Each structure stands twice: as structure tokens, then as C-alpha cells.
Amino acid sequence: PRCSFLPLLVRAVMTKSTNKRHRFSDSEKEVIVRGVRVYGVGNWKSIKDANGELLGGRTTVQIKDCWRTMVKKGDVSTESGKPLPTSGRKKHERKKKKANVAGGKGIKRAAEEEEESSLEEEEEEEVQQEKKP
């Protein structure tokens, strides 16, 4: 005898999710902005965990996408033109990822770029010192 439930099982697995998208409410957006100011950009799990009662039904990816949309639309303003903080962990991961590019060649490039930028800063300081009477 052939299993009659198999086609239903396959159909259930292959169909798209029926969950509807829901726009973020103004209160959810306010919580995200406050969370970014406290925890930094990129700490979406910390923001969600700290505001579970309001953001509990959202994924960290949805929270990140909401933030990116608010920034893109200009709905989020930074104080006095300063960028909002990013998590130190994320910065470290980006540097580490750049260093691992091209089988270790990225480490040399990163060191060279860092050295060049520090030399430029020193030269700029010397120029500023020469301008002073």
C-alpha cells in the first residue's frame, strides 16, 4: 500500500510561509533607536533581549533591517553629527576578516595601510606645529 499522506507532507514543506509581514510600530522603532544608543549598532540580540516584551516577536534580522531602513530614510538623527556607536566586537571581526583575505596577504596590507595612516597623521602634526608662532 502506498502512503497517502506523503504528498501532503511534501506540499507542506515546499510551500512558502503563510506568516504575514507586520510593519514596525512607532514604539518598536523608538526601542530600537534607544537600544542602538545603549548597545551600539550590530548588537541586535542584546537590544532584543533587553526589550523582549516589545520586540519578542521579531527576529534580530528584522530588527537590523528596520534600523537600516530608518537610517536610509533619514528617520534616525545622530547627535551633533557624531555616528552612533558600533559594537567593538563587530569592528574586531571586520578587521579579522580583512586580515584573513587572500591567504594572509590581507595582514600585510592592513599593516601597511595602518603605517601609512600613522605617518600621514605625524606629518599633519608637524605641519601644524610649524604653523604655530
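**Figure 1. Close-up of K48 in the predicted model.** K48 is found in helix 3 of this predicted model. With a relative accessible area of 21%, K48 is partly exposed, because buried status requires a value under 20%. Residues up to four places away in sequence being set aside, K48 touches L55, G56, R58, T59, T60 and I63. The C-alpha atoms of K48 and V31 are separated by 9.2 Å, and the two residues stand 17 apart along the chain. V31 is one of the buried residues of helix 2.

**Figure 2. Overview of the chain that frames the close-up views.** The chain holds seven helices and zero strands. Its pattern, read along the sequence, is α-α-α-α-α-α-α. Of the 133 residues, 18% count as buried. Where contacts join residues at least 6 apart in sequence, 52% of them link residues at least 24 apart.

**Figure 3. Helix 2 and its packing partners.** Helix 2 comprises residues 26-39. At 1.5 Å a residue, its 14 residues should span 20 Å, and the end C-alpha atoms are indeed 20 Å apart, so expectation and model agree. E28, V31, I32, V33, G35 and V36 are buried in this helix. The elements against which these buried residues pack are helix 3 (44-50), helix 4 (52-55) and helix 5 (60-73). After helix 2 comes G40, which has a positive phi near 95 degrees.

**Figure 4. Surroundings of E28.** E28 has its place in helix 2. Its relative accessibility is 9%, and E28 therefore counts as buried. Two polar partners of the E28 side chain are shown. The backbone nitrogen of S25 is reached by this side chain at 2.8 Å. The side chain of R58 is joined to that of E28 by a polar contact of 3.1 Å. Beyond its neighbours within four places in sequence, E28 is in contact with R23, L54, L55 and R58. R58 is thus among the contacts of E28 and is also touched by K48.

**Figure 5. S27 and its separation from L55.** S27 is found in helix 2. A relative accessible area of 35% makes S27 partly exposed, since that class lies between the 20% and 50% limits. From C-alpha to C-alpha, S27 and L55 are 9.9 Å apart in space, while 28 residues separate them in sequence. L55 is also among the residues in contact with E28 and among those touched by K48.

**Figure 6. N43 in the loop between helix 2 and helix 3.** The loop that links helix 2 and helix 3 contains N43. Although placed in a loop, N43 counts as buried, because its relative accessibility is 13%. A polar atom of the N43 side chain lies 2.4 Å from the backbone oxygen of Y39.

**Figure 7. The largest pocket and its lining.** The space within the largest pocket is about 530 Å³. Its lining consists of 16 residues, of which R21, H22, R23, F24 and R58 are the closest to the pocket centre. Helix 5 supplies the largest share of the lining, with six residues. By class, the lining residues are eight charged, five polar and three nonpolar. Two of the residues close to the centre, R23 and R58, are also in contact with E28.

Note on methods: Residues numbered from 1 in each chain as written. Predicted model: local features only at pLDDT ≥ 70, side-chain atom pairs only at ≥ 80, totals over all residues. Heavy atoms only, no water. Helix = DSSP H or I, 4+ residues; strand = E, 2+ residues; numbered from the N terminus. Expected span 1.5 Å × (residues − 1). Buried < 20%, exposed > 50% of the residue type's maximum accessible area, 1.4 Å probe, protein only. Contact = heavy atoms within 4.5 Å. 1 Å grid on protein atoms, 1.4 Å probe; cavity = no way out; pocket = protein on both sides within 12 Å on 5 of 7 lines; lining within 4 Å. Points joined across faces, edges and corners; volume = space filled by probe spheres on them. Nonpolar A, V, L, I, M, F, W, Y, C, P; charged D, E, K, R; others polar. Polar contact = N/O pair within 3.5 Å; in protein donor to acceptor, adjacent residues only side chain to side chain.
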